[in-house]
Amino acid sequence: MTTHPNTDSTQVKAPRLEFAKSAPKAFRALVAFDAAAREGLDPALVELIQIRASHLNHCAYCLHMHTNDARKAGESEDRLHMVAVWREARHFFTEREQAALALTEAMTLVADAGVPDEVYAEAAALFDERELAQVLALICAINTWNRVALSTRKVAGTDER
(Lines give C-alpha, C1' and ligand atoms only; values in the text may rest on other atoms or scores of the structure.)
Protein backbone atom coordinates (compact mmCIF):
# COMPACT_ATOMS: atom_id res chain seq x y z
CA MET A 1 0.00 0.00 0.00
CA THR A 2 1.37 3.41 -0.97
CA THR A 3 0.91 6.27 1.46
CA HIS A 4 1.44 9.96 0.96
CA PRO A 5 4.94 10.86 2.19
CA ASN A 6 3.61 13.47 4.62
CA THR A 7 1.20 11.18 6.43
CA ASP A 8 1.37 8.38 8.94
CA SER A 9 -1.62 6.14 8.28
CA THR A 10 -1.38 4.53 11.74
CA GLN A 11 -2.38 7.61 13.73
CA VAL A 12 -4.73 10.53 13.33
CA LYS A 13 -2.92 13.72 14.20
CA ALA A 14 -4.67 16.33 16.32
CA PRO A 15 -5.52 19.67 14.75
CA ARG A 16 -3.14 22.48 15.55
CA LEU A 17 -4.15 26.09 16.14
CA GLU A 18 -7.41 27.63 14.98
CA PHE A 19 -6.20 30.04 12.30
CA ALA A 20 -9.37 32.17 12.32
CA LYS A 21 -9.10 32.76 16.08
CA SER A 22 -5.33 33.06 16.26
CA ALA A 23 -4.90 35.43 13.28
CA PRO A 24 -8.33 37.06 12.84
CA LYS A 25 -7.13 39.96 10.67
CA ALA A 26 -5.26 37.64 8.32
CA PHE A 27 -8.25 35.27 8.24
CA ARG A 28 -10.69 38.09 7.40
CA ALA A 29 -8.30 39.40 4.72
CA LEU A 30 -8.14 35.94 3.16
CA VAL A 31 -11.94 35.62 3.27
CA ALA A 32 -12.24 39.02 1.55
CA PHE A 33 -9.63 38.09 -1.07
CA ASP A 34 -11.43 34.81 -1.75
CA ALA A 35 -14.77 36.62 -2.16
CA ALA A 36 -13.21 39.21 -4.48
CA ALA A 37 -11.57 36.46 -6.57
CA ARG A 38 -14.90 34.66 -7.11
CA GLU A 39 -16.72 37.82 -8.19
CA GLY A 40 -18.21 37.47 -11.66
CA LEU A 41 -17.05 33.89 -12.20
CA ASP A 42 -19.40 30.99 -12.92
CA PRO A 43 -19.92 29.19 -9.57
CA ALA A 44 -19.38 25.79 -11.25
CA LEU A 45 -16.01 26.95 -12.55
CA VAL A 46 -15.08 28.27 -9.10
CA GLU A 47 -15.73 24.87 -7.51
CA LEU A 48 -13.89 22.94 -10.25
CA ILE A 49 -10.80 25.11 -9.73
CA GLN A 50 -10.97 24.67 -5.96
CA ILE A 51 -11.49 20.93 -6.22
CA ARG A 52 -8.55 20.44 -8.61
CA ALA A 53 -6.13 22.51 -6.53
CA SER A 54 -7.24 20.63 -3.41
CA HIS A 55 -6.56 17.30 -5.16
CA LEU A 56 -3.07 18.41 -6.12
CA ASN A 57 -2.31 19.74 -2.65
CA HIS A 58 -3.72 16.61 -0.95
CA CYS A 59 -6.03 18.80 1.12
CA ALA A 60 -8.84 16.51 2.27
CA TYR A 61 -10.49 19.27 4.31
CA CYS A 62 -10.88 21.61 1.33
CA LEU A 63 -11.68 18.78 -1.09
CA HIS A 64 -14.52 17.62 1.14
CA MET A 65 -15.83 21.17 1.53
CA HIS A 66 -15.71 22.07 -2.16
CA THR A 67 -17.15 18.82 -3.49
CA ASN A 68 -20.06 19.28 -1.07
CA ASP A 69 -20.46 22.92 -2.14
CA ALA A 70 -20.44 21.83 -5.78
CA ARG A 71 -23.12 19.21 -5.14
CA LYS A 72 -25.28 21.76 -3.34
CA ALA A 73 -24.91 24.05 -6.36
CA GLY A 74 -26.15 21.27 -8.66
CA GLU A 75 -22.88 19.82 -9.94
CA SER A 76 -23.18 16.26 -11.25
CA GLU A 77 -21.46 13.32 -9.58
CA ASP A 78 -20.02 12.34 -12.97
CA ARG A 79 -18.18 15.63 -13.33
CA LEU A 80 -17.01 15.61 -9.72
CA HIS A 81 -15.52 12.15 -10.20
CA MET A 82 -13.78 13.24 -13.41
CA VAL A 83 -12.06 16.40 -12.14
CA ALA A 84 -8.91 14.53 -11.08
CA VAL A 85 -8.63 12.92 -14.52
CA TRP A 86 -10.09 15.72 -16.62
CA ARG A 87 -7.47 15.34 -19.38
CA GLU A 88 -8.72 11.81 -20.02
CA ALA A 89 -12.37 12.89 -19.72
CA ARG A 90 -12.38 16.21 -21.57
CA HIS A 91 -15.90 15.66 -22.90
CA PHE A 92 -17.21 16.28 -19.37
CA PHE A 93 -15.82 19.83 -19.35
CA THR A 94 -16.14 22.92 -21.52
CA GLU A 95 -13.12 24.45 -23.23
CA ARG A 96 -13.07 27.22 -20.64
CA GLU A 97 -13.20 24.73 -17.79
CA GLN A 98 -10.37 22.70 -19.33
CA ALA A 99 -8.24 25.84 -19.73
CA ALA A 100 -8.95 26.84 -16.13
CA LEU A 101 -8.09 23.35 -14.87
CA ALA A 102 -4.82 23.37 -16.81
CA LEU A 103 -3.97 26.80 -15.40
CA THR A 104 -4.90 25.60 -11.91
CA GLU A 105 -2.50 22.68 -12.25
CA ALA A 106 0.32 24.88 -13.57
CA MET A 107 -0.08 27.50 -10.85
CA THR A 108 -0.53 24.95 -8.06
CA LEU A 109 2.57 23.06 -9.18
CA VAL A 110 4.42 26.23 -10.21
CA ALA A 111 7.70 25.08 -8.66
CA ASP A 112 7.80 22.09 -11.05
CA ALA A 113 7.77 23.91 -14.40
CA GLY A 114 6.44 27.42 -13.95
CA VAL A 115 3.31 28.35 -15.86
CA PRO A 116 3.94 27.21 -19.45
CA ASP A 117 3.26 29.79 -22.15
CA GLU A 118 0.82 27.47 -23.94
CA VAL A 119 -1.24 26.94 -20.79
CA TYR A 120 -1.44 30.68 -20.13
CA ALA A 121 -2.18 31.46 -23.80
CA GLU A 122 -5.04 28.96 -23.91
CA ALA A 123 -6.64 30.51 -20.84
CA ALA A 124 -6.05 34.03 -22.17
CA ALA A 125 -7.77 33.06 -25.43
CA LEU A 126 -10.89 31.82 -23.64
CA PHE A 127 -11.25 34.37 -20.82
CA ASP A 128 -11.28 38.15 -21.15
CA GLU A 129 -8.65 40.02 -19.11
CA ARG A 130 -10.93 40.62 -16.13
CA GLU A 131 -12.07 37.00 -16.01
CA LEU A 132 -8.51 35.74 -16.39
CA ALA A 133 -7.37 37.96 -13.52
CA GLN A 134 -10.25 36.60 -11.41
CA VAL A 135 -9.27 33.00 -12.25
CA LEU A 136 -5.63 33.74 -11.33
CA ALA A 137 -6.75 35.28 -8.03
CA LEU A 138 -9.04 32.34 -7.26
CA ILE A 139 -6.23 29.85 -7.88
CA CYS A 140 -4.01 31.85 -5.52
CA ALA A 141 -6.79 31.94 -2.92
CA ILE A 142 -7.50 28.20 -2.92
CA ASN A 143 -3.81 27.39 -2.77
CA THR A 144 -3.54 29.64 0.28
CA TRP A 145 -6.58 28.02 1.90
CA ASN A 146 -5.11 24.57 1.19
CA ARG A 147 -1.85 25.54 2.85
CA VAL A 148 -3.62 26.96 5.90
CA ALA A 149 -5.78 23.83 6.23
CA LEU A 150 -2.83 21.48 5.81
CA SER A 151 -0.54 23.43 8.15
CA THR A 152 -3.16 23.57 10.89
CA ARG A 153 -4.33 19.99 10.27
CA LYS A 154 -7.97 20.81 9.54
CA VAL A 155 -9.98 17.59 9.60
CA ALA A 156 -12.11 16.71 6.57
CA GLY A 157 -15.80 16.82 7.38
CA THR A 158 -15.52 19.45 10.11
CA ASP A 159 -16.37 22.52 8.03
CA GLU A 160 -17.95 25.00 10.44
CA ARG A 161 -19.31 27.51 7.93
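## Close-up views of a predicted model

**View 1. Two cysteine sulfurs that do not bond: Cys-62 and Cys-59.** The cysteine sulfur closest to that of Cys-62 belongs to Cys-59 and lies 3.4 Å away, which is too far for a bond. Keep in mind that you are looking at a predicted model. What would a bond here be? A disulfide is a covalent bond between the sulfur atoms of two cysteines. To count as one, the two sulfur atoms must be within 2.5 Å, and by this rule the count comes to zero disulfides. Is Cys-62 buried or exposed? With a relative accessible area of 3%, Cys-62 is buried.

**View 2. Cys-140, another cysteine without a partner.** Here the closest cysteine sulfur is that of Cys-62, and at 15 Å from the sulfur of Cys-140 it is too far for a bond. Cys-140 has a relative accessible area of 37%, so this residue counts as partly exposed.

**View 3. The surroundings of Cys-62.** Which residues touch Cys-62, once neighbours within four places in sequence are left aside? They are Ser-54, Ile-142, Trp-145, Asn-146 and Ala-149. Cys-62 also belongs to the largest nonpolar core, where it is one of the residues with the most contacts.

**View 4. The largest nonpolar core, with 37 residues.** Joining Cys-62 among the residues with the most contacts inside this core are Ile-49, Leu-103, Phe-127 and Val-135. Which helices supply at least two core residues each? Look for α2 (24-38), α3 (43-56), α4 (60-72), α6 (95-108), α8 (117-126) and α9 (129-151). Helix α9 gives the most, with nine residues. There is a wider pattern to remember as you look: in soluble globular proteins, nonpolar side chains tend to be buried together.

**View 5. Leu-103, a core residue in helix α6.** Leu-103 is buried, because its relative accessible area is 0%. Leaving aside neighbours within four places in sequence, you can find Leu-103 in contact with Val-115, Val-119, Ala-123, Leu-132, Val-135, Leu-136 and Ile-139. Tyr-120 is worth finding too: Leu-103 and Tyr-120 are 17 residues apart in sequence, yet their C-alpha atoms are 6.6 Å apart in space.

**View 6. A salt bridge between Arg-52 and Glu-105.** Now for some charged side chains: the structure holds eight salt bridges. In the one shown here, the closest N and O atoms of Arg-52 and Glu-105 are 2.9 Å apart. Where do the two residues sit in the chain? Arg-52 is in helix α3 and Glu-105 in helix α6, so to speak distant parts of the chain, 53 residues apart. Both residues are buried. Arg-87 comes in as well, linked with Arg-52 and Glu-105 in a network of salt bridges.

**View 7. Arg-79 and its two salt bridges, with Glu-75 and Glu-97.** The side chains of Arg-79 and Glu-75 meet at 2.5 Å, N to O. Between Arg-79 and Glu-97, the closest N and O atoms are 2.8 Å apart. Arg-79 lies in helix α5 (residues 77-82) and Glu-97 in helix α6, so this pair ties together parts that are 18 residues apart in sequence. Are Arg-79 and Glu-97 buried or exposed? Both are buried, with Arg-79 at 14% relative accessibility. Glu-75 is buried too, with a relative accessible area of 14%.

Conventions. Residues are numbered from 1 along each chain as its sequence is written. This is a predicted model: local features need pLDDT of at least 70, side-chain atom pairs count only at pLDDT 80 or more; totals for chains, interfaces and linings use all residues. Side-chain values use heavy atoms; hydrogens and water are left out. A nonpolar core is a set of buried Ala, Val, Leu, Ile, Met, Phe, Trp, Tyr and Cys residues joined through side-chain atoms within 4.5 Å. Buried means under 20% relative accessible area, exposed over 50%, partly exposed in between (1.4 Å probe, protein chains only). Helices (H or I, at least four residues) and strands (E, at least two) are DSSP runs, numbered from the N terminus. Contact means heavy atoms within 4.5 Å. A salt bridge is a side-chain nitrogen of Lys or Arg within 4 Å of a carboxyl oxygen of Asp or Glu.
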